[in-house]
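Q: Could you take me closely through one part of this model, the helix that gives the most residues to the surface near one of the DNA strands, and then show me how its surroundings are built? I would like a careful and connected account that I can follow while looking at the picture.

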Amino acid sequence: MHRIKGDAIRKVLIIEDKPHLVEVSGDAQGLTVRSLNGAFEKSEAEVVENIVRYWFDADRDLQPFYELLNNYPPLAYMTTAFSGLRLIAMPDLFETLAWAVIGQQINLVFACKLKRRLVERYCSAMVYDSEPYLSFPSPDVIAKADADELRGMQFSAGKAAYLIGIAKAFECGELSAGLLHELPDLASRQEKLKAIKGIGTWTANYALMKCLREPSCIPYGDAGLHNALKAHGIIKDKTETEAMQQLFDRFAGWESYLVFYLWRSLSDPG
DNA sequence: GCCCAGGACTATG
DNA sequence: CATAGTCATGGG
């Protein structure tokens, strides 16, 4: 869904139903955003800036989180090893939920294959510099998808039904990022998501953390989280729920960031 | 063959 | 509320 070019990342952002290919680069001074398919109009530029700030969590002061890490020796190394790392968001709620459902209970390599098949079959594409840039299919496209065709792409019957059902929930106005934002608290947002077939505790928390930037989401039961905690000697197995809760209690208000850093540690251990 | 993978559903006490 | 069985596929 994006393409890396040296120190820059390119991605299609949909602004007022129009696809814009943007390139974001960064240095010590901050982030620079430019449009690759025509200059932004004034109103669009503001929208894009806000999206990019949100995407990279650019305005976050990480110091409070780093103080918590420094006060906890097993993870204190992260403040230098992952210095400045922000929780990268997924701008689109439907894509986030679809990705989470695809990733349920299968290994990430296979999950990536399934997502790629879904995108290549249903996405809209833009070509720039002879290279394709894809947009994740919108809910109205997946809502009309054929479950048997998804089965043929090695989606389980359950995942196929969940994806189409979630797409329909967006299409009929039952679910949207705006609707979730309007809800008063985290618990009501979790319940709203979990009312939809295919979205359980793990998926709801994943989406709220990665898309809506809820600060205190813990994807309970997450295999990667368990592996990271085991690697740091914080738990010996996934049944130690009280040890996990004690850890997250130390990081109240930063649970999502802690999960993100622990996931990061899996691909680049201490 | 067995177990696990960035789970969720249903059915059953 | 807690547990057991089921779904599907790939990799170690």
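A: The buried residues of α12 are T203, A204, N205, Y206, A207, L208, M209 and K210. This is a predicted model, and every value below should be read as computed from it. Because eight of the 10 residues of α12 are buried, this helix is largely enclosed by the rest of the structure. The elements against which the buried residues of α12 pack are α5 (93-103), α11 (186-194) and α15 (255-267).

The helix also belongs to the surroundings of DNA strand B. Around that strand there are 22 residues, and those that come nearest are L108, K197, G198, T203 and Y206; T203 and Y206 are also among the buried residues of α12. Of the atoms of DNA strand B that come within 4 Å of the protein, 57% belong to sugar and phosphate. Three polar contacts with phosphate oxygens of this strand can be followed one by one. In the side chain of K197, an N or O atom is 2.7 Å from a phosphate oxygen of DNA strand B, and in the side chain of T203, an N or O atom is 2.8 Å from a phosphate oxygen of that strand. With W202, it is a polar backbone atom that takes part, at 3.3 Å from a phosphate oxygen of DNA strand B. Two elements, α12 (201-210) and α13 (223-231), give two or more residues to the surface near this strand, and α12 gives the most, with four residues. Sorted by class, the surface near DNA strand B is made up of nine nonpolar, 11 polar and two charged residues.

From here the view can be widened to the largest pocket, which holds about 1600 Å³ of space. Its lining has 40 residues, and M90, W99, L108, C112 and Y206 are the closest to its centre. Two of these names have appeared before, since L108 and Y206 are also among the residues that come nearest to DNA strand B. The elements that give two or more residues to this lining include α12 and α13, together with α5 and α15, and α5 and α15 are also among the elements against which the buried residues of α12 pack. The most, six residues, comes from α6. By class, the lining of the largest pocket divides into 24 nonpolar, eight polar and eight charged residues.

The second largest pocket can be described in the same manner. About 840 Å³ of space lies in it, and its lining has 30 residues, with L13, I14, P91, D92 and L93 nearest its centre. Among the elements that each supply at least two residues of this lining are β2, α1, α5 and β6, and these four are also among the elements that give two or more residues to the lining of the largest pocket. In the second largest pocket, it is β2 that has the largest share of the lining, with four residues. The lining of this pocket divides into 21 nonpolar, four polar and five charged residues.

Finally, the other DNA strand can be reached by way of N107, which is found in the loop between α5 and α6. At 49% relative accessibility N107 counts as partly exposed, because exposed would mean over 50%. The side chain of N107 reaches two backbone nitrogens, that of F110 at 2.8 Å and that of V109 at 3.2 Å. Both N107 and F110 are among the residues that surround DNA strand C, and the others are Q105, K113, R151, Q154, S156, A157 and G158. For this strand, sugar and phosphate account for 82% of the atoms that come within 4 Å of the protein. A polar side-chain atom of Q154 lies 2.6 Å from a phosphate oxygen of DNA strand C, whereas A157 uses a backbone N or O atom, which lies 2.8 Å from a phosphate oxygen of this strand. At least two residues of the surface near DNA strand C come from each of α6 and α9 (157-171), and by class this surface has two nonpolar, five polar and two charged residues.

Methods: Residues numbered from 1 in each chain as written. Chains lettered and ligands numbered in written order. Predicted model: local features only at pLDDT ≥ 70, side-chain atom pairs only at ≥ 80, totals over all residues. Heavy atoms only, no water. Near = heavy atom within 4 Å. Polar contact = N/O pair within 3.5 Å; in protein donor to acceptor, adjacent residues only side chain to side chain. Nonpolar A, V, L, I, M, F, W, Y, C, P; charged D, E, K, R; others polar. Buried < 20%, exposed > 50% of the residue type's maximum accessible area, 1.4 Å probe, protein only. Contact = heavy atoms within 4.5 Å. 1 Å grid on protein atoms, 1.4 Å probe; cavity = no way out; pocket = protein on both sides within 12 Å on 5 of 7 lines; lining within 4 Å. Points joined across faces, edges and corners; volume = space filled by probe spheres on them.
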